[in-house]
Amino acid sequence: MNAANRGVVYKGPGEVAVESIAYPELALGNRKCEHGVILKVVTTNICGSDQHMVRGRTTAPSGLVLGHEITGLVVECGRDVEFIQPGDLVSVPFNIACGRCRNCKEGRTGICLNVNPARPGAAYGYVDMGGWVGGQTEYVMVPYADFNLLKFPDADQAMEKIKDLTLLSDIFPTGFHGCVTAGVGPGSTVYIAGAGPVGLAAAVSAQLLGAACVIVGDMIEERLAQARSFGCETIDLTQDGDMADKIEVILGEREVDAFVDCVGFEAHACGCNHGKEAPATVLNSAMTLTRAGGQIGIPGLYVTEDPGAADDAAKQGALSMRFGLGWAKSHSFHTGQCPVMKYHRPLMQAILFGKVNIADAVNVQMITLDQAPQGYADFDGGAAKKFVIDPHGSVA
């Protein structure tokens, strides 16, 4: 099969464009990729991680085809694909994993050892993650298909819930992973730093895991209102005042059981200094606000190089952390990419059986491929929406 293809391309800081790109081939360089498939993309999402690149805060090269949150219809399979067939509707984990290395066999698919020559771990359309073509496109190639892909059991049923199921490729498992690694369980009190899509997904995940109280902090009122819409307590971080005091007003205690950082390295100070970047502020708040013996989940992105950082240390990913406090309180810190395959099947079941309405919680808004540049601009402006691209008009 051969056809035209278009995708969202990073042009430079602050600029993306929809351009014609090559139709994908079942190939890895000069070698035939018989374990891969080609997908007709049904939905593909704009991620906050994409925004770091588009803002110029990474070393992403111009011309990179963006997008790592992909749901699609299989249109072609390599010779060695056994369990996936043309016509299957599938979710694609943003982690690219071989299924053969030590880490994959241990379930650590976010740090596969064989899919990125530079370092462990790979992703579609992302800087330093192996050079794989992204999926904010009409068609995309996925390697190691039998291992990577989650097939929806009934395609018609899946399309009825596609706005929820599209979130299985990244943000729902990522938010859930943040809560799991923070030790959230029945009766927990939880603080979620950041009310972007991953923060909202983490808040829903905390509720799904049985948290007694979920507190979400952010600087944008529209996002805080979205968190309140499904039962979260909120804190406006633009307001002055001690965070522990604000926690105490809600809980009657000055610390939480579990803390989830859904902000990452572009964090800002709170209160009257909220317009000033302070990349370690969330991590330091986590140690202050988490009870002794508590856990801190860090799904928010931290980078090894930040060319747009305010100081030389932060440009190399070196942050000024009060780590002694965390040590003294016996905190556990959990970092790194979410291993999506650890969670995507049970979360799919939760969606299909009506146990969670993740699309409503993160406020999914469908857009066309041509609307993607405006979607990036709106997302960067703080819109309380999760923009989902429908490249072919497949979603009613």
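Which residue in β17 is the bridge partner of N45? Let me answer that straight away: the partner is V388, and before I go on I should say that what we are looking at is a predicted model.

That pair of residues leads us to strand β5, which covers residues 37-45, and to its pairing with strand β17, residues 386-389, where the two strands run in the antiparallel sense and are joined by two bridges. Strand β5 also pairs with strand β6, residues 69-77, again antiparallel, and here there are eight bridges, with T44 standing opposite I70 in β6. A further antiparallel partner of β5 is strand β8, residues 139-142, which is held by four bridges, and in this pairing I38 is found opposite M141. If you now ask how β5 sits in the structure, eight of its nine residues are buried, and therefore the strand is largely enclosed by the rest of the structure.

From β6 we can step across to strand β7, residues 89-92, since β6 and β7 are paired in the antiparallel sense over four bridges, and S91 in β7 is the bridge partner of T71. Within β7, the side chains of L89 and S91 point one way while V90 and V92 point the other way, and all of them are buried. Strand β7 is also joined by two bridges to strand β9, residues 150-151, in an antiparallel arrangement, and there V90 stands opposite K151.

Now let me turn to a helix, namely α8, which spans residues 221-228 and whose buried residues are R223, L224, Q226 and A227. Why do these residues lie on the same side of α8? They do so because they cover an arc of only 155° around the axis. As a general background, an α-helix has 3.6 residues a turn, so residues three or four places apart point the same way. As for what this side meets, the buried residues of α8 pack against α7, β11, β12, α14 and α15.

Finally, I would like to look at the surface, where M321, F323 and W327 make a nonpolar patch of about 380 Å². F323 belongs to helix α12, residues 323-328, and F323 counts as partly exposed because its relative accessibility is 46%, a value that lies between the limit of under 20% for buried and over 50% for exposed.

Key. Residues numbered from 1 in each chain as written. Predicted model: local features only at pLDDT ≥ 70, side-chain atom pairs only at ≥ 80, totals over all residues. Heavy atoms only, no water. Patch = residues over 30% accessible without salt bridge, like charges linked within 9 Å, V, L, I, M, F, W, Y side chains within 5 Å. Areas by Shrake-Rupley, 256 points an atom, 1.4 Å probe, with all protein chains shown as cover. Salt bridge = Lys/Arg side-chain N within 4 Å of Asp/Glu carboxyl O. Buried < 20%, exposed > 50% of the residue type's maximum accessible area, 1.4 Å probe, protein only. Pairing = 2+ DSSP bridges. Arc of directions from axis to C-beta. Contact = heavy atoms within 4.5 Å.
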